[in-house]
Amino acid sequence: MSLKWSESVMLKFLELYHKHDCLWNHRLDTYKNRDARESALGSIIKEMEIDGLTIADLKNKIKTIRTMYKKEHSLVCKSKKSGMSTDEIYMPKLFWYKTAYLFLNNVTNSRDTSSNFVCVRNKFKLS
């Protein structure tokens, strides 16, 4: 099933996704409870009222939302760290970013990364 949704359908889904915190809050015991998660997804399917919508579709949509949210949030954070003025800070292009930010911000922490590449000078001579 194609999951390209209108703005109103997407915002409705995000509202329902937020309501079922066992689907996004990894700090809860119910996050690891398969039955609770399946029940929440079934409830969302009923409330969305989209013919042919499946649990697999919702799982894919959630994965896509989290991936896109993390990417946009990373760009915002990088622009803030770069020392840009407030006028130059990256503004997310996703219309639903602010809605997702309200509940995903506290549970999607990006880890600081460091390079595992060690630069050793004069180890190799170039001819």
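1. The contact of helix α1 with helix α4 is a good place to start: Leu11, Leu14, Tyr17 and His18 of α1 meet Thr99, Phe103 and Leu104 of α4, where contact means heavy atoms within 4.5 Å. By class, this contact has five nonpolar, two polar and no charged residues; Ala, Val, Leu, Ile, Met, Phe, Trp, Tyr, Cys and Pro count as nonpolar, Asp, Glu, Lys and Arg as charged, and the others, Gly among them, as polar.

2. As to provenance, this is a predicted model, in which local features need pLDDT of at least 70 and side-chain atom pairs count only at pLDDT 80 or more, whereas totals for chains, interfaces and linings use all residues. Residues are numbered from 1 along each chain as its sequence is written, and side-chain values use heavy atoms, with hydrogens and water left out.

3. The protein chain has four helices and zero strands, and from the N terminus on its elements run α-α-α-α; helices (H or I, at least four residues) and strands (E, at least two) are DSSP runs, numbered from the N terminus.

4. The axes of α1 (residues 7-19) and α4 come within 10 Å and cross at roughly 5°, axes being lines fitted to C-alpha atoms, for helices over the stretch in contact, with angles running from 0 to 180 degrees between N-to-C directions. That makes α1 roughly parallel to α4, since angles under 35 degrees count as roughly parallel, over 145 as roughly antiparallel, 65 to 115 as roughly perpendicular and the rest as oblique.

5. Helix α3 (residues 55-81) also packs with α4 (residues 97-104), at an angle of about 95° and with the axes 11 Å apart, and the two are therefore roughly perpendicular to each other. Here Ile65, Arg66, Tyr69, Glu72, His73 and Val76 of α3 meet Tyr97, Ala100, Tyr101 and Leu104 of α4, and the residues of this contact divide into seven nonpolar, one polar and two charged. Leu104 thus takes part in the contact with α3 and in the contact with α1.

6. Of the 127 residues of the protein chain, 31% count as buried, meaning under 20% relative accessible area, with exposed over 50% and partly exposed in between (1.4 Å probe, protein chains only). Among contacts between residues at least 6 apart in sequence, 63% join residues at least 24 apart.

7. The structure holds zero disulfides, a disulfide being a pair of cysteine sulfur atoms within 2.5 Å. Cys22 is buried, with a relative accessible area of 8%, whereas Cys77 is partly exposed, at 29%.
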